[in-house]
Amino acid sequence: MIIPLQKQTEGGKLYTRIPEIEARLTELVTLTDENLIQLCKQSNTHPQYVPSECLLYFVRRSALTNQTLFDPLFRILSERIFRKLPRSANPGGSSVSMLNSDIQESVFDRFVEMLMLDKAGYDARLDMFEIRFDKAVLSLKNDALQKSYRSEKRNTELEYDDSEDITSEVETASEGFNPFEQTDFNHFHYRRELDAAIETLPDLQKRIIEMIRLDFPIDSIDPQEMTISKALNKSEKTIHNQKNRAFARLKKLLEGGI
């Protein structure tokens, strides 16, 4: 029998896993510990890939009763979490992004804290990870990013008078340019030059580019979604203008060779 979730809606109704996850759990509980561990190690291209929602189910239930199963499954789950977070080391390993390191540390610490509380009793917050694991991790990442900017009081450092529009020259230079296009970004030497170019940007532009690199939107119709505008406490117009100026400078530097 699959143990149900305990988190409740405001109306008192229990949250439930999606049917596909429940069905997969029914299959997985019949496996031996050894076979389950081996299957959880497989990549997402494997035909019998174990979803992270299922993996977390077994991590939670083995934490108290089966350390031999818990240890390897927790390591696998931890690796999956870190793969969803920005890398702390820049390409080549010659430098480290403190922002990315802060996000990694904050997200993982919060997840472990929830897991320890769950082990001591029950932490209903983890139920959301059994429903939509990727979305729950993204929420932790958004919170970590916002706290990181607040703790460093970057708003004071990033004061810009952006009342005037960008010039047509800047707009033309940045139009159609994306420094993170897959065709270029997959090359090590390009990524190294891009990192060096980003370091030359003013602080506000650098923060914007860092967040674009992490796939944060500039704005959103969803009031709950973290955006670049909210995180930096700047208007959408300011973010768009500074992004275009940053793109124009990056394009010039990359085309000229660093």
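Asp 215 is found in the loop between α12 and α13 (228-232). In this predicted model, phi of Asp 215 is near 70°, a positive value in a residue other than glycine. Asp 215 is exposed, with a relative accessible area of 69%.

A second residue with positive phi is Asn 233, whose value is near 55° although Asn 233 is not a glycine. Asn 233 has its place in the loop between α13 and α14 (236-256). With a relative accessibility of 56%, Asn 233 counts as exposed, because the threshold for that class is over 50%.

**Surroundings of Ile 212**

Helix α12 (residues 203-213) contains Ile 212. This isoleucine is buried, with a relative accessible area of 18%. Which residues does Ile 212 contact, leaving aside its neighbours within four places in sequence? The partners are Phe 180, Ile 228, Lys 243 and Phe 247. Ile 212 and Ile 228 are 16 residues apart along the chain, and their C-alpha atoms are separated by 8.0 Å.

**Packing of helix α2**

In helix α2 (residues 33-40), the buried residues are Leu 36, Ile 37, Leu 39 and Cys 40. Seen down the axis of α2, these buried residues fall within an arc of 165°, so they line one face of the helix. The buried residues of α2 pack against three helices, namely α1 (19-28), α3 (52-62) and α4 (67-83).

**Aromatic pairs**

The count of aromatic pairs comes to six. A pair of aromatic rings is described by the distance of the centres and the angle of the planes. Two of the pairs are set out below.

| Pair | Arrangement | Centre to centre | Angle between planes |
|---|---|---|---|
| Phe 70 and Phe 74 | stacked | 5.5 Å | 10° |
| Phe 129 and Phe 133 | edge-to-face | 5.9 Å | 70° |

Phe 70 and Phe 74 are four residues apart in helix α4, and therefore about one helical turn separates them. An α-helix has 3.6 residues a turn, so residues three or four places apart point the same way. Phe 70 is buried, with a relative accessible area of 8%. Phe 70 and Phe 74 also belong to one aromatic cluster, which they form with Phe 82 and Phe 108.

In the edge-to-face pair, both rings belong to buried residues: Phe 129 has a relative accessibility of 3%, and Phe 133 has a relative accessibility of 0%. The angle of 70° between the planes of Phe 129 and Phe 133 makes the pair edge-to-face, because that class begins at over 60 degrees.

**The second largest pocket**

How much space lies in the second largest pocket? The volume is about 550 Å³. The lining of this pocket comprises 19 residues, and those that lie nearest its centre are Lys 135, Ala 136, Leu 138, Ser 139 and Leu 140. The elements that give two or more residues to the lining are α5 (98-120), α6 (127-131) and α7 (133-151). Helix α7 supplies the largest share of the lining, with eight residues. By residue class, the lining of the second largest pocket divides into eight nonpolar, four polar and seven charged residues.

Notes:
Residues numbered from 1 in each chain as written. Predicted model: local features only at pLDDT ≥ 70, side-chain atom pairs only at ≥ 80, totals over all residues. Heavy atoms only, no water. Buried < 20%, exposed > 50% of the residue type's maximum accessible area, 1.4 Å probe, protein only. Arc of directions from axis to C-beta. Contact = heavy atoms within 4.5 Å. 1 Å grid on protein atoms, 1.4 Å probe; cavity = no way out; pocket = protein on both sides within 12 Å on 5 of 7 lines; lining within 4 Å. Points joined across faces, edges and corners; volume = space filled by probe spheres on them. Nonpolar A, V, L, I, M, F, W, Y, C, P; charged D, E, K, R; others polar. Phe/Tyr/Trp six-rings, centres within 6.5 Å; stacked < 30°, edge-to-face > 60°.
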